[in-house]
Amino acid sequence: MAQSKSACQYIPSDIQKTDISLIHGRHVSSIFEGKKKVVAVDLVDFDIQQGQITAIIGESGSGKSTLLKLIYGLLEPQSGEIRYKGWLVPTRKDKLIPGHDAMKLVSQGFDDLNLYAKVWDNIASQLPNTNLDYKKTRTEEMLQRLKIDHLAQQRVADLSGGERQRVAIARALINDPEVLLMDEPFNQVDAAFRDDLQQDIRQIVNEIGLTVVLVSHDPAEVLAMADTLIVMKQGKIVDLGSPESLYFTPKNPYTALLLAKSNVLTKDQALSLSIPTSDSIAIHQEWIDVVADENADFWIKNIRFRGFYKEYVVGNETLSLHAIVNTATPLPKNCQVDLLIRQYIRFKQLE
């Protein structure tokens, strides 16, 4: 990989910190002033490790994209600091063209692409003409790596959203950045082709040690791709960890809702299911078994076809739960049922 320039060239007074992660944020806040003050990022701490894929997830307005721009240096934090390799990330006040030299940002709107130029020209234009043989070889390499060599002579305007995304990634990677930042990278990619693109990015990370930080509002599309998830809600980081650990043992009910569309219940609702607890709980949909029982207090309120499974809405007058049911003989709507809870998560406090 190309050697990155030290951020210290832009902030001469800075002193490098050692023994910290590749990207290190402490007490970072970002506030937008206007008719109404908006705290987009609220005193967050985070660490992003080298050579991994980190996904920042959360609902719209949670602060995900703002945090990504803070990492890149497009925005200046109102408080705290973000460091890359121990050096403060320079912002607009520190350099003429914002954006860290060791990083590349791929926006969800493909703002950097020339829609009326060919795919080849969009990618090759990022390299100088000082070595034309290298420029040709390197462009061909990136086309093949992103599996778009067959599109080289087509205009970007004539491509699908997924194909444009591959062009944008190839364009970003051609100069060997150390960190690739992506804002909603799969937003305009057809669902049928998302998995292929995700796994291609995963392979690039494994091959060249690239560090990837991406933003997504749909955690389902990054569960199988990311090494680490940062979960944001209303500007705060409410959970951080591996996809598997956050799925099965989240610290916050919001994480359970986001990752598993879990049933989050108060302690009183839990007691109605014969689960004694003084805390709120979450029950993932696949942890509920439904058994027909004409004497039961619960019944099937609705059945939703989801393809390879059916989602049952079950409950009584005061409670509704969503369950993924794989019974050999499907039960009909309004059928009285017993609910067997195989597993649940207990939270100390419902936020």
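Select helix 1 to begin: the helix is mostly covered, with seven of its nine residues buried. Here "buried" means under 20% relative accessible area, "exposed" means over 50%, and "partly exposed" lies in between, with a 1.4 Å probe and protein chains only. The buried residues are Lys 64, Thr 66, Leu 67, Leu 68, Leu 70, Ile 71 and Tyr 72. Helices (H or I, at least four residues) and strands (E, at least two) are DSSP runs, numbered from the N terminus.

The model on display is predicted: local features need pLDDT of at least 70, side-chain atom pairs count only at pLDDT 80 or more, and totals for chains, interfaces and linings use all residues. Residues are numbered from 1 along each chain as its sequence is written, and side-chain values use heavy atoms, with hydrogens and water left out.

**The sheet beside helix 1**

Keep helix 1 (residues 64–72) selected and add strand 1, strand 2 and strand 4 (79–84), across which the helix lies. Helix 1 runs at about 60° to strand 2; axes are lines fitted to C-alpha atoms, for helices over the stretch in contact, and angles run from 0 to 180 degrees between N-to-C directions. Contact means heavy atoms within 4.5 Å.

Next, add strand 5 to display an open sheet of four strands in the order 2-1-4-5, with antiparallel pairing. Strand 2 (38–48) and strand 5 (87–88) stand at the edges with a single partner strand each, so one side of each has no neighbour in the sheet. Two strands pair if DSSP finds at least two bridges between them. Strand 1 (residues 23–32) and strand 2 are joined by seven bridges. To view one bridge, select Phe 32 and its partner in strand 2, Val 38.

**From Gly 73 to Gly 99**

Return to helix 1 and select Gly 73, which follows the helix and has a positive phi, near 100°. Then select Gly 99, in the loop between strand 5 and strand 6 (103–106). Is Gly 99 buried or exposed? Gly 99 is buried, with a relative accessible area of 5%. Leaving aside neighbours within four places in sequence, Gly 99 is in contact with Tyr 72, Gly 73 and Leu 74.

**A cavity and a pocket**

On a 1 Å grid over the protein atoms alone, a cavity is a set of points where a 1.4 Å probe fits but cannot get out; a pocket is an open set with protein on both sides within 12 Å along at least five of seven lines, and lining residues have an atom within 4 Å of a point. Grid points are joined across faces, edges and corners, and a volume is the space filled by probe spheres set on the points.

Select Arg 138, Arg 145, Leu 173, Asp 176 and Ile 208, which lie nearest the centre of the largest cavity among its 10 lining residues. This cavity holds about 40 Å³ of space. Helix 3 gives the largest share of its lining, three residues.

Finally, select Ala 220, Leu 259, Ala 260, Lys 261 and Tyr 309, which lie nearest the centre of the second largest pocket among its 16 lining residues. The volume of this pocket is about 420 Å³. Helix 7 (residues 253–260) supplies the largest share of its lining, three residues.

**The whole chain**

Show the full protein chain, which has eight helices and 18 strands. Of its 351 residues, 48% count as buried.
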